[in-house]
Structures are given as C-alpha cells and as structure tokens.
Amino acid sequence: MRHPYRKKIIYCGLVIIILIIFLHPDMNGHGTYDFIAKEDILRNLHAETAVNFTSTAVIDCEYYDILWDDTTLSQSLVDGDLVEGHGIREGGEYAPQECKPKYSTAIIVPYRDRAEQLRGFLVYMHTFFRRQRIHYRIFVVEQVDSRLFNRAKLMNIGAVAAMKAGFPCLVLHDVDLLPLRPANIYACSKCPRHMSSSINKFRFVLPYLTLFGGAIAIISKQYKDINGMSNEYFGWGGEDDDLYSRLEASNLKVCRFEPETSRYHMVPHRSTQKGEAKKKLLSSAKERMLEDGLSSLQYVEVATVLHPLFTHIMVDL
Amino acid sequence: MVYSTLTIQDIFPHKSNSKKVDIDAILPFIIVPFLLLIATMSRTITIIIMVVIGMGVLYVYSRPRQKNRSPFFFSWTISSSITMFLVFEIGILGLLEVTQLENFIFLLLLSCTCYFFYKMKSVADFELATGSAKGKEYSPVLTSDSYYCQICQIEVNERYFHSIWWDCCVLRPNYIYFLAGQLFAFATILLGTNLGLTTVCQPFLIYGFILLPEDCEDVYYELE
C-alpha cells in the first residue's frame, strides 16, 4: 500500500458506506412504527358480540387491566395440557362465566399436516384466551387435497363459516404463531389490525410497513367489503400483500399495537413450497378484487367436525 | 489454498518476479468467495472448509518467518473483509430484519476499524521511510536487544513484530493503532455475526433485550 492514490481509495470507501446508509432505507427493518397508544386501544376497539350469543352474567367484563398486563407467556405451554374444567364448549367455543364479554372473535386457522403443532397451538391459545375475557371460537380449516397449500382460500372458507355463525370479528391466524403477551387483545379494532408485527423469527422487527400477514384482526363486514382474500394464491407467499392492496384500494388504513405488546413466537418448521407466478398475480391484485374472493369462492366441503377444542372444517379446493 | 501458492513460490523462487507477486495478490479475491460458496452447501462441508482454512493458517505460522513475504496474506485479509462486508450489506440486509440503527452502528464500528488499521499502516510506512523506529539508544551495531525485520528490512530495538496479515511491521509508534484496530475489528465481527445469525436463524431473547441465535436447523435446507 505504498501508493499515492491511497487516500483516494479511503475516501471512495467512505463515500460508498455513506451511500449505502442513505440510498437503501428500504433495505432496513423497522424496530418501531406508528401504533395505537395503549390508552387509546379501548376506544378503538369494535365492541360487538356474536349475533346469537347470550350471556347469563350480570356485569360487563372489564378490559383495562388486561391491556396493561405486562406478563409474557412461556412458549413451553405448548407441551403441557389444559387444566381440568376449562369450560370450553364443543367446537372450541368459550365465553367467560363471571362477566358479560364485549367482544366476540372467530379465530380462523388454515392448516395441513402439522398435527403436533396444531395440538400445541390449541392448548396454548386456549390458555392464552383464558386471560382475555372474550367470547371466541377457533375454526381450523384443513386442506385435504394434494394441491399446493392455499392459505388465502382456506381463510375465506373459515371466514364464511364464522360469519354464518354470526361472528362480527375475524382473526386470521397462522398455526405456527403464538402470541406472547396477554395484553395483545384478540378483538377487532375499527381499522384492520396487523397483530404479529414483532415476531422472534424476524428479530422482533417489522420487515416492511405494508406487511399484513401472520395474524391479523379484521371486522367481518370489512372483510366482506373487500371481497375477502384472493383464491388464486397456491403455495407460500404473496397472498398477504394481495390482501394489503385490497385494503388500500378500499381506503382502509391498517393499524398496529405497539411492538412490545405485539410480540409473537414463531414455532420453527421447514418452509413450505413456494408457488409460481406471484409477481403477475400481485400486479393485478386491485383489478381482480371484485371478481376474485368471497364472491367467487368454490370448494367441496368434505366434513365439519366439532372437536372439544376446535371446529374442524375439512375442504377439497 | 495457502498451501498451493506457497509451493508454487518455493518451486519457482526466481522466475518472473513481478508477475508472481501479482498472482499472489489477486488469488485470495478468487479463493475466499469460492471457498465460502462451497461452504454453504451443507453443515459438514462448512466445518471441513473452516478446519482447512484454520490448518492453512497453522501451516503458515509453522514456516520460518522470512519466508512469508508474499502479499498473498494481506490480500487474504482484504478479500475476506470485503466478502464479509458484502454478504452483510447485500445478503443479510436484504432479508429486512436489521434496523437502520443496527446497520449504522455496524458501519460506524467498521469505519473505526478501517481508520485504525489504515493509521497503523501509514505509521509503519512512515517509520520505514525515515528509519526513526530504531529507538532512543540506537547504535549502528546490531546489539543483542535489537531486532532486524527481514521482511521490512528495518532494524528496531523496541517491541515489534511483523504482521503478515497486514504486511507491515508493528512497532511501538503504531502498536496502539494495531491494538485499537484489533478491538474494533473484534467488535465489528461480533456485531455483524450476531446480526447475521439472528437474521437467518430462529433467535431467542436473553435478559429480555439481547438476541442470540438458537435454532439454525433450516439454514441449509433451501439448497438441498
């Protein structure tokens, strides 16, 4: 390195480093983002219970203390069992006995081939919901054919079943995600909410601001208005971005809770097969919105079974 | 890799001197990325490659000092730093799991590292040019407490060693830069590998705020 142009090399290096920082803000995840402040959450929740739901309790449930609960559940709960006398009715439905819940939520979980993970998920979620004093029911939609996994279509099928059961609020949930904070209340906010914005797999960072997958909460009416999700996404990926562009086209703004509250644990698994031609589908997402979705939903329902912990809908796409 | 170049050097020690130097300096820029590419194939291959590189280093150190004059080693340092830098800035940041602040801290540490090593080399060059490293009690006769660096061809009687990886003498005047450079390099690599591994692996929280990689099972999966 005994050259006269050594200084120039150093300066070039510095310039490159500075360029990297300033020209690639899109290459970074987001440690924080705009969110609903804790004290505003209750005001922003959509208080409505399922159509045919009645409670014998006299007093209304209080949710204030749940929102300020700063405990973190342990993911080792998945290996355990539920306590006896949990009061969960057939089909995985539960409502607190001591008070009248303000929120009814249908948890829709698309599923295939992960029996052990599903067992852990159900045990965990029922333990988790016990702390939230909401009325809920878990719908597991299983794809029984051998085509590539179509997460979005299964969501649509689950949503139709939940709406038929009169649920005003849908939570579209992946089976490998476990909410860590009981403060992350599973009720719909007035805006469609991205719940899993701080997943351990992503270093508790939000990869990009328009991400709208994993676990989301949306009011049934809004879901109907955007015609649900697209039915065309076979294989992993793309359907969540499609859903986001549908929301965007309908002028629905997405919201989130603060990162601390939105912490999730992703159960490790081998990634599923990627589908083809996602780019093309995505580019036409807004045009397809009206004809592709709940309105064009066609499938064969193989069976619907009420298990002790969940409603099992088996479908052939 | 270290092997083959050294043997070539040993077999043709006097043939076309200038050309040989060029090849030595360029070779690491091909070998390092190539080895790393192979290492991504499977867990066994990664371990083998890393052991082979480690053995290469041990072999280099087992040789008499004055034989390790080739610019190969300095090029090796530069090429591996550049490769690591590019893997981080393009591969890891592309996964969108590193925040801007973390990237900024990484680049800051890296700049400090570069600055200190640059300073170290420029001081060494200055000493070489002026010959002022000989110390206060320098006598023109080589005494028992002074050393002669075969590679730089400079005589010193202060603490010194020749770093083949930086291709320069580390003397008292630049030792502090060398040390600072090493510390910052360590910090940079520690932060970089932590960010990288927690990005590609399943991380877990320790003490509520430090992320460490836990489950790296599916790192090789996509190539299989």
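**View 1. Confidence along chain B of the predicted model.** Chain B has a mean pLDDT (the predictor's confidence in each residue, from 0 to 100) of 80, and 76% of its residues score at least 70. This is a predicted model, in which local features need pLDDT of at least 70, side-chain atom pairs count only at pLDDT 80 or more, and totals for chains, interfaces and linings use all residues. Residues are numbered from 1 along each chain as its sequence is written, while chains are lettered from A and ligands numbered from 1 in the order in which they are written. Within chain B, helix α6 (residues 172-200) has the highest confidence, at a mean of 93, and helix α1 (residues 2-11) the lowest, at 46. Helices are DSSP runs of H or I, at least four residues, and strands runs of E, at least two, numbered from the N terminus.

**View 2. The start of chain B.** Residues 1-9 of chain B stay under pLDDT 50, with 13 contacts beyond four places in sequence. Residues 11-16 of chain B also stay under 50, with zero such contacts. A contact means C-beta atoms, placed from the backbone, within 7 Å. Where pLDDT is low, the predicted coordinates should not be read in detail.

**View 3. Two annotated spans of chain B.** An unreviewed UniProt entry annotates "transmembrane region" over residues including 73-95 and 101-118 of chain B. Such annotations may be inferred rather than shown by experiment. Residues 73-95 of chain B are 87% helix and 0% strand, with end C-alpha atoms 32 Å apart. Residues 101-118 of chain B are 100% helix and 0% strand, and their end C-alpha atoms lie 25 Å apart.

Technical notes: Contact = placed C-beta atoms within 7 Å.
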